[in-house]
Amino acid sequence: MSEAITREMMAQRFRSFLPVVVDLETGGFNAERDAILEIAAVTLTMDSEGNLMPDATYAYHVQPFSGANVEQSALDFTGIKLDDPLRQRVALSEAEALGEIFRPVRKAIKSHGCTRAILVGHNAAFDHGFLNAAVNRCGIKRNPFHPFSSFDTASLSGLVYGQTVLARACRAAGIPFDNQEAHSARYDTERTAELFCAIVNRYKDLGGWALAQREQGLEDL
């Protein structure tokens, strides 16, 4: 199958949206007040058989914005140490971190023939709310993500596997999950990406996408 046809399959699969998996570790639950401490994104691609798969990972430590709140309970939960010398050397401002994430996302959108990214997250509303709040704080005008639509793997894995906790859903899908590595944005994003791909590909293998293609006249692509 040619690259052009594979590109068209991705563009058609999610109504011209490119799924991008996002996870943020934060200083609390209030998107307007609490700091983003880590951000990670995994772009997705598709093979010639129409299987969805992780492509590239982008992950950054983030400096709390001026005046941001950070709850000690959040640090205890994630294990993030704000005074760690390595973290202090590599942490980016919110604007810098968003720029580093958005550039490859825009490139992936273009390369797959899509028009916009759509956020995939485990309990996606949480990450989407923090992402949108940071975009507004930084005055970013060209957010590549849809402003409110998202795919939530907690809901999807509850439907498919009967599990809503990320670790349990991954194990139900046959994806190894290390609790010692959990609650870092990079690790959680990569496992969420694998989970989302497993769900989408399972639906395809059961004939769901093939039926949709036939109904839309796409079976000859």
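Helices, in the sense used here, are DSSP runs of at least four residues, numbered from the N terminus. Just after one of them, helix H4, Gly113 takes a positive phi of about 70 degrees. The structure in which this glycine sits is a predicted model, and the paragraphs below go through it from the whole chain to single residues.

The protein chain has 9 helices and 5 strands. Read from the N terminus, the order of these elements is α-β-β-β-α-α-α-β-α-β-α-α-α-α. Along its principal axes, the C-alpha trace spans about 55 × 35 × 25 Å. A compact globule of 221 residues would have a radius of gyration near 17 Å, and the value for the protein chain is 18 Å, which agrees. Of the 221 residues, 47% are buried. The accessible surface comes to about 11,100 Å², and carbon and sulfur atoms account for 50% of that area. Contacts in the chain often bridge long stretches of sequence: among those between residues at least 6 apart, 70% join residues at least 24 apart.

A good place to enter the fold is strand E1, residues 17–26. All of E1, 10 of 10 residues, is buried, so the strand is largely enclosed by the rest of the structure. Its side chains point in two directions. Phe17, Pro19, Val21, Asp23 and Glu25 point one way, while Leu18, Val20, Val22, Leu24 and Thr26 point the other way. Both sets are buried, including the residues Asp23 and Glu25.

Which strands pair with E1? One is E4, residues 116–121, which runs parallel to E1 and is joined to it by 5 bridges. The other pairing described here is with E2, residues 36–46, in the antiparallel sense over 7 bridges. Individual residues show how these strands are set against each other. In E1, Pro19 stands opposite Ile118 of E4, and Val20 stands opposite Leu119 of E4. Towards E2, Val21 stands opposite Val42.

Strand E4 carries the pairing further. E4 and E5 pair in the parallel sense over 4 bridges. Leu119, the residue of E4 that stands opposite Val20, also stands opposite Ser150 in E5. Like E1, E4 is mostly covered, with 5 of its 6 residues buried.

Helix H4, residues 94–111, is the next element to look at. At 1.5 Å a residue its 18 residues should span 26 Å, and its end C-alpha atoms are 26 Å apart, so the expected and actual spans agree. The buried residues of H4 are Glu94, Ala97, Leu98, Gly99, Ile101, Phe102, Pro104, Val105, Ala108 and Ile109. What covers them? Strands E1, E2, E3 (52–61), E4 and E5 (145–152) are included in the cover, as is helix H5 (124–138).

Aromatic rings provide another set of links. The count comes to 7 aromatic pairs. In one of them, the ring centres of Phe29 and Phe126 are 6.2 Å apart and the planes stand at 75 degrees; planes over 60 degrees apart count as edge-to-face, so this pair is edge-to-face. Phe29 lies in the loop between E1 and E2 and Phe126 lies in helix H5, so the pair ties together parts that are 97 residues apart in sequence. The two rings are not equally covered: Phe29 counts as exposed at 76% relative accessibility, whereas Phe126 is partly exposed at 28%. Elsewhere, Phe14, Phe151 and Phe196 form one aromatic cluster.

Two single residues show opposite settings. Ser157 is found in helix H6, residues 153–161. Is Ser157 buried or exposed? Its relative accessible area is 0%, so Ser157 is buried. Apart from neighbours within four places in sequence, Ser157 is in contact with His122, Gly162, Gln163, Thr164, Ala169, Leu195 and Ile199. Arg15, by contrast, has a relative accessible area of 63% and is exposed. Arg15 is placed in the loop between helix H1 (3–13) and E1. From Arg15 to Phe102, C-alpha to C-alpha, the distance in space is 20 Å, and the two are 87 residues apart in sequence. Phe102 is one of the buried residues of H4.

Notes: Residues are numbered from 1 along each chain as its sequence is written. This is a predicted model: local features need pLDDT of at least 70, side-chain atom pairs count only at pLDDT 80 or more; totals for chains, interfaces and linings use all residues. Side-chain values use heavy atoms; hydrogens and water are left out. Buried means under 20% relative accessible area, exposed over 50%, partly exposed in between (1.4 Å probe, protein chains only). Helices (H or I, at least four residues) and strands (E, at least two) are DSSP runs, numbered from the N terminus. Two strands pair if DSSP finds at least two bridges between them. The expected span of a helix is 1.5 Å times one less than its number of residues. Contact means heavy atoms within 4.5 Å. The radius of gyration is taken over C-alpha atoms; the globule rule is 2.2 Å times the number of residues to the power 0.38. Accessible areas come from the Shrake-Rupley method with a 1.4 Å probe; for residues, only the protein chains shown count as cover. Rings of Phe, Tyr and Trp (its six-membered ring) pair if their centres lie within 6.5 Å; planes under 30 degrees apart count as stacked, over 60 as edge-to-face and the rest as tilted.
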